[in-house]
Amino acid sequence: MSTRSYVGTIEENAIRFIYVHYDGYLAGVGRALKLAFPTLEDIKPIIDLGDRSQLTCETEPGDGGSYAEQGEDFAPNAPTLFPFIQDNKDETIKKLIRESKKGGIEYLYLLDNGTWRAWDIYKETSKEKISLNDSCLTDLTDRVMNLIQA
């Protein structure tokens, strides 16, 4: 079994993200993002390589973790650009959450103005109406630090 996730950045008028197949939960991808990829400059080279099997604290460009680096065609594994809906970032995130569940994605991580935000997709979509602030782990710091100390 794998815990699938999307990892992305919020750009000027779009969300740009990749698929990560394994360890998408907070103690896996969430921890790596908080500790090893805190800024856009840190995560951008990883996203530029496209979809990947894993993302850990040891991930770096050229490590062979992206599907393209493993010999698959880049085009189907390239980062996805999800344009804002009528220039509305929140509505776009809500739509991405709904679309993520359809694809079996369990966690969504977005770097937004220098802060990693995370959503547990199944928890979020189990509610009748998506409320970004209620289920979003606005800052991974507390959650990740609790996991590290455990």
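This is a walk through a predicted model, starting at one strand and moving outward to the cores, a helix and two loops.

Let us begin with strand S1, residues 5-10. All of its residues, 6 of the 6, are buried, so S1 is largely enclosed by the rest of the structure. It helps to look at its two sides separately. In a regular strand the side chains alternate between the two faces of the sheet. In S1, Ser-5, Val-7 and Thr-9 lie on one side, while Tyr-6, Gly-8 and Ile-10 lie on the other, and both faces are covered.

Which strands pair with S1? S2 runs antiparallel to S1 and is joined to it by 6 bridges, and S4 runs parallel to S1, with 5 bridges between the two. The link from S1 to S2 is a hairpin through 3 residues. Ser-5 is a handy residue for seeing both pairings: it stands opposite Val-20 in S2, and its bridge partner in S4 is Tyr-107.

Step back a little along the chain and you reach Ser-2, in the segment before S1. Ser-2 counts as buried because its relative accessibility is 11%, and the cut-off for that label is under 20%. Leaving out residues up to four places away in sequence, Ser-2 touches His-21, Tyr-22 and Glu-106. With His-21 there is also a side-chain to side-chain polar contact of 3.2 Å.

Now for the nonpolar interior. The largest nonpolar core has 17 residues, and the members that touch the most others are Val-7, Val-29, Leu-33, Ile-43, Leu-55, Tyr-109 and Trp-116. The elements giving two or more residues to this core are strand S2 (14-20), helix H1 (26-36), helix H2 (40-48), strand S4 (107-112) and strand S5 (115-120). Of these, H1 gives the most, with 4 residues. Ile-43 is a good place to centre your view: beyond its neighbours within four places in sequence, Ile-43 is in contact with Val-7, Thr-9, Leu-33, Phe-37, Leu-55, Leu-111 and Trp-116. Apart from this core lies another, of 16 residues, which includes Phe-82, Leu-108, Leu-110 and Ile-121.

Helix H3 (89-102) is our next stop. Does its length look regular or irregular? At 1.5 Å a residue, its 14 residues should span 20 Å, and the end C-alpha atoms are 20 Å apart, so the two values agree. The N-terminal end of H3 is capped by Asn-88, with a side-chain oxygen 3.1 Å from the backbone nitrogen of Asp-90. Along the helix, the buried residues are Thr-92, Ile-93, Lys-94, Leu-96, Ile-97 and Ser-100. Just after H3 comes Gly-104, which takes a positive phi of about 80°.

Positive phi values also turn up at residues other than glycine. Gln-86, in the loop between strand S3 (80-83) and H3, has a phi near 50°. Gln-86 counts as exposed because its relative accessibility is 75%. Asn-113 has a phi near 50° too, and is found in the loop between S4 and S5. At 73% relative accessibility, Asn-113 is therefore also classed as exposed, the cut-off being over 50%.

Definitions and conventions
Residues are numbered from 1 along each chain as its sequence is written. This is a predicted model: local features need pLDDT of at least 70, side-chain atom pairs count only at pLDDT 80 or more; totals for chains, interfaces and linings use all residues. Side-chain values use heavy atoms; hydrogens and water are left out. A nonpolar core is a set of buried Ala, Val, Leu, Ile, Met, Phe, Trp, Tyr and Cys residues joined through side-chain atoms within 4.5 Å. Buried means under 20% relative accessible area, exposed over 50%, partly exposed in between (1.4 Å probe, protein chains only). Contact means heavy atoms within 4.5 Å. The expected span of a helix is 1.5 Å times one less than its number of residues. A polar contact is a pair of N or O atoms within 3.5 Å; within protein, one must be able to donate a hydrogen and the other to accept it, and residues adjacent in sequence count only if both atoms are side-chain atoms. Two strands pair if DSSP finds at least two bridges between them.
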